[in-house]
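Welcome to a short guided tour of a protein chain. Take a moment to turn the structure around on your screen, and then we will walk through some of its charged pairs and packed corners together.

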Amino acid sequence: MINHSFGRELLEHYGSPLYVYDLDEAERRAEALFELLPKRSKLLYALKANPVADLSAALRTAGCRVEIASTAELKIALEAGCVPNEILCSGPGKTAGIVREALLAGVTHFSCDSWHDLERLAAVASAAKKPASALLRIHLSGATAAAAGVGAMQSHFGADPAELLNGGATRLAELRGIEMAGIHVYSGTQIQSPE
C-alpha cells in the first residue's frame, strides 16, 4: 500500500487529481482471490473498470485474463502482453467493426448480449474466416427490456431463456462461423423489483 507521506509527496509533485497504483498490491489481491476460488477457476479483469496497461500486465502476471468491450481496450490488453485467444470480448456496444478487429487480432472468445449480437458475430466471423467461440447472455430477472432501460426490441441484458428453449436449438444450428461454448447468466441484480 502507498503510505501517507509518499502519497503527499506525489500530490505535491504531480498535483491533484492523481491516480497512483500499487502494482505489487494488485498482484497480491488477485493471488489472494485465486486462493479462495476452485483451482480451475479463471478470473477476468474488465478493462473498462480501469484501462491501464501496466495494471493489466500486473494482473496478467498474477494469472488473470481480461475482458474487453472496445478496440481501445483491445489495444491496451495487447500492450499489456495479454494472449489474444485468452481475451473475452463482451459488452452491449459491440459493433461489427469491433468484432472484426478483435477477430483479426486473434481474439476468439465472445459474450453476446442478444440473439442479434450472436448473429452479428457469426456473420463477421464467417466473412473473416476466423473461428469464434460464443456465450449467449441470458437474463433470469423476468424484467422486460424496457424495464432494464434498453428499448423493447432486444435487451442488451441478455436473451429471454424462453427463446433459447423454444426454437433456440434450430436458430443456433443455422449460424455459421461460431461455436457455442455456453451461456452467460445475467441475474438482473441491478434491476429494482417493483414494490
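Let us start with Lys-94, which counts as buried because its relative accessible area is 3%. Keep in mind as you look that this is a predicted model.

## A buried charged cluster

Which residues does Lys-94 meet in a salt bridge? One partner is Asp-113, with a distance of 3.7 Å from N to O. Lys-94 sits in the loop between β3 (88-89) and α5 (96-105), while Asp-113 sits in the loop between β4 (109-112) and α6 (115-128), so this pair ties together parts that are 19 residues apart in sequence. Both Lys-94 and Asp-113 are buried.

The other partner is Asp-117, and here the closest N and O atoms are 2.8 Å apart. Asp-117 belongs to helix α6 and Lys-94 to the loop between β3 and α5, so their salt bridge ties together parts that are 23 residues apart in sequence. Asp-117 counts as buried because its relative accessible area is 4%, and the cut-off for buried is under 20%.

These residues are part of a wider arrangement: Lys-94, Asp-113, Asp-117, Arg-120 and Arg-137 are linked in a network of salt bridges. In the whole structure, a search finds eight salt bridges.

Another of the salt bridges joins the side chains of Glu-119 and Arg-171, at 3.2 Å from N to O. Glu-119 is in helix α6 and Arg-171 is in helix α8 (residues 168-173), so the pair ties together parts that are 52 residues apart in sequence. Are these two residues buried or partly exposed? Glu-119 counts as partly exposed because its relative accessibility is 30%, and Arg-171 counts as partly exposed because its value is 31%.

Here are the three pairs described above, side by side.

| Pair | Distance, N to O |
|---|---|
| Lys-94 and Asp-113 | 3.7 Å |
| Lys-94 and Asp-117 | 2.8 Å |
| Glu-119 and Arg-171 | 3.2 Å |

## A charged residue without a salt bridge

Now find Glu-73, which lies in helix α4. Glu-73 is buried yet has no salt bridge. How far away is the nearest side chain of opposite charge? That side chain belongs to Lys-48, and the distance is 7.2 Å. A salt bridge needs a nitrogen and an oxygen within 4 Å, so a separation of 7.2 Å does not qualify.

What does the side chain of Glu-73 reach instead? At 2.6 Å lies the backbone nitrogen of Ala-69. Setting aside residues within four places in sequence, Glu-73 is in contact with Leu-47, Lys-48, Glu-67 and Ile-68.

## Where two helices meet

Stay with helix α4, which covers residues 71-79, and look for Ile-76. Ile-76 counts as buried because its relative accessibility is 16%. Beyond its neighbours within four places in sequence, Ile-76 is in contact with Leu-47, Pro-51, Val-52, Ala-53 and Ser-56. Ile-76 and Ala-53 are 23 residues apart along the chain, and their C-alpha atoms are separated by 5.3 Å.

Ser-56, one of those contacts, lies in helix α3 (residues 53-61). Is Ser-56 buried or exposed? Ser-56 is buried because its relative accessible area is 0%. Not counting residues up to four places away in sequence, Ser-56 touches Tyr-45, Leu-47, Ile-76 and Ala-80. Leu-47 therefore appears among the contacts of both Ile-76 and Ser-56, where contact means heavy atoms within 4.5 Å.

## A nonpolar patch on the surface

Next, move to the surface. Ile-2, Phe-6 and Val-20 form a nonpolar patch there, with about 230 Å² of accessible area together. Ile-2 lies in the segment before α1 (4-14), and it counts as partly exposed because its relative accessible area is 35%.

## The whole chain

Finally, step back and view the full chain. How many helices and strands does the chain have? Its secondary structure comes to eight helices and six strands. From the N terminus on, the elements run α-α-β-α-β-α-β-α-β-α-β-α-α-β.

Of the 195 residues, 36% count as buried. Among contacts with a separation of 6 or more, 51% are between residues 24 or more positions apart. The accessible surface of the chain comes to about 11600 Å², and 55% of that surface belongs to carbon and sulfur atoms.

Note on methods:
Residues numbered from 1 in each chain as written. Predicted model: local features only at pLDDT ≥ 70, side-chain atom pairs only at ≥ 80, totals over all residues. Heavy atoms only, no water. Helix = DSSP H or I, 4+ residues; strand = E, 2+ residues; numbered from the N terminus. Buried < 20%, exposed > 50% of the residue type's maximum accessible area, 1.4 Å probe, protein only. Patch = residues over 30% accessible without salt bridge, like charges linked within 9 Å, V, L, I, M, F, W, Y side chains within 5 Å. Areas by Shrake-Rupley, 256 points an atom, 1.4 Å probe, with all protein chains shown as cover. Lys, Arg positive; Asp, Glu negative; His and termini not counted. Polar contact = N/O pair within 3.5 Å; in protein donor to acceptor, adjacent residues only side chain to side chain.
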